[in-house]
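Take a look at the chain below before reading on. This report goes through its helices, its cores and the surroundings of its ligand.

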Amino acid sequence: MLPINDFALARTIHVVAILFWIGGVGFVTWVLMPALKAIEPPQDRLAWFQKFEARFAWQARLWVLLAGASGFWMTARADLWSRFGEGRFWWMHLMVALWAIFAAMLFVIEPRHLKRRLAMSATPAADFARMMRLHQLLVGVSVITIIGAVGGSHGLF
Ligand code: HEM
């Protein structure tokens, strides 16, 4: 029996997790939120957004865990730690930073504070607009991270 190439397996899990995680965030940002903005009056958008996002949040948590575990596995397996001391591997730093931001949002900030605060919001229209800007920023940084990671790990720069 052929030995399993565990690095390649971890890379496969990593890419599939990133696909559904960032793909989902992209869908929320570029399809769901603009659709709510076009269909719903400003004061109702936040409540609808929360209903839809709640369905995605648990899936995003799973993808974030898998992406982090597989990324950590690859780093440890190939002993890539020294990359974090080199500026040309900026995309490695970016991957970890982006992961940490999403992990904090999904596991700590959203369930502990944001969920309740938004449910009782006195300014739902402004909060929805702020959430939309935040999602656009996160998708933008995610796209830069993916371009950096694929390009960086395949010799583009
Ligand atoms: C704890 C967080 C993370 C760690 C430790 C990590 C680690 C790694 C490692 C070690 C590689 C392989 C690099 C190589 O082969 O030279 C990799 C590849 C990659 N990572 Fe991450 N990563 C993390 C999070 C992320 C995030 C948040 C994204 C995107 C939003 C991401 C996207 C990618 C992509 C697209 C590749 C390239 C896959 C390929 O083209 O084969 N990673 N990651």
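A residue is buried if 20 or more other C-beta atoms lie within 10 Å of its own. By that rule, the buried residues of helix H4 are Phe128, Met131, Ser142 and Thr145. They pack against H1, H2 and H3. Keep in mind that this is a predicted model.

## The overall picture

The protein has four helices and zero strands. From the N terminus on, the order of elements is α-α-α-α. The C-alpha atoms fill a box of roughly 55 × 35 × 25 Å, taken along the principal axes. Of the 157 residues, 15% count as buried. Now consider contacts with a separation of 6 or more. Residues 24 or more positions apart account for 85% of them.

## Helix lengths

Three of the helices can be set side by side here.

| Helix | Residues | Distance between end C-alpha atoms | Expected at 1.5 Å a residue |
|---|---|---|---|
| H1 | 34 residues | 47 Å | 50 Å |
| H2 | 36 residues | 50 Å | 52 Å |
| H4 | 30 residues | 42 Å | 44 Å |

For H1, the distance agrees with the expected span. The distance for H2 agrees too. H4 comes close to its expected value.

## Helix H1

Where does H1 bend by about 35 degrees? The bend is at valine 28. Val28 is also one of the buried residues of H1. The others on that list are Ala10, His14, Ala17, Ile18, Trp21, Ile22, Thr29 and Met33. H2 and H4 are among the elements that cover them.

Phenylalanine 20 is found in H1 as well. It counts as partly exposed because it has 16 C-beta neighbours inside 10 Å. Valine 139 is 119 residues away from phenylalanine 20 along the chain, yet their C-alpha atoms are separated by 13 Å.

## Helix H2 and what follows

H2 has a kink of about 35 degrees, centred on alanine 54. Its buried residues are Arg45, Leu46, Phe49, Ala60, Trp63, Ala67, Ser70 and Gly71. Their cover includes H1, H3 and H4.

Just after H2, aspartate 79 takes a positive phi of about 50 degrees. Most residues other than glycine have a negative phi. Aspartate 79 lies in the loop between H2 and H3. Is aspartate 79 buried or exposed? It counts as exposed, because it has 8 C-beta neighbours inside 10 Å. A positive phi also follows H4, at glycine 155, where the value is near 80 degrees.

## The nonpolar cores

In soluble globular proteins, nonpolar side chains tend to be buried together. Which residues make up the largest nonpolar core here? There are seven: Ala17, Ile18, Trp21, Ile22, Ala60, Trp63 and Ala67. H1 and H2 are the elements that give two or more residues to this core. The largest share, four residues, comes from H1. Another core lies apart from it. This other core has six residues, among them Val28, Met33, Phe128 and Met131.

Look at isoleucine 18 in the largest core. Leaving aside its neighbours within four places in sequence, isoleucine 18 is in contact with Ala67 and Ile146.

## Around the ligand

Which of the 23 residues around the ligand come nearest? They are Gly71, Met74, Met95, Ala149 and Ser153. Helices H1 (6-39), H2 (42-77), H3 (90-119) and H4 (124-153) each give two or more residues to this shell. By class, the shell has 14 nonpolar, eight polar and one charged residues.

Glycine 71 deserves a second look. It lies in helix H2. Why does glycine 71 count as buried? It has 22 C-beta neighbours inside 10 Å, and the cut-off for buried is 20 or more. Not counting residues up to four places away in sequence, glycine 71 touches His14 and Met95. Met95 is also one of the residues that come nearest to the ligand, while His14 is one of the buried residues of H1. Lysine 51 is 20 residues away from glycine 71 along the chain, and their C-alpha atoms are separated by 31 Å.

Conventions:
Residues are numbered from 1 along each chain as its sequence is written. This is a predicted model: local features need pLDDT of at least 70, side-chain atom pairs count only at pLDDT 80 or more; totals for chains, interfaces and linings use all residues. A residue is buried if 20 or more other C-beta atoms lie within 10 Å of its own, exposed if 12 or fewer, and partly exposed in between; C-beta atoms are placed from the backbone. Two residues are in contact if their C-beta atoms, placed from the backbone, lie within 7 Å. A residue is near a molecule or strand if its C-beta atom, placed from the backbone, lies within 6 Å of it. Ala, Val, Leu, Ile, Met, Phe, Trp, Tyr, Cys and Pro count as nonpolar, Asp, Glu, Lys and Arg as charged, and the others, Gly among them, as polar. A nonpolar core is a set of buried Ala, Val, Leu, Ile, Met, Phe, Trp, Tyr and Cys residues joined through C-beta atoms within 7 Å. The expected span of a helix is 1.5 Å times one less than its number of residues. The bend at a residue is the angle between axes fitted to the seven residues ending there and the seven starting there.
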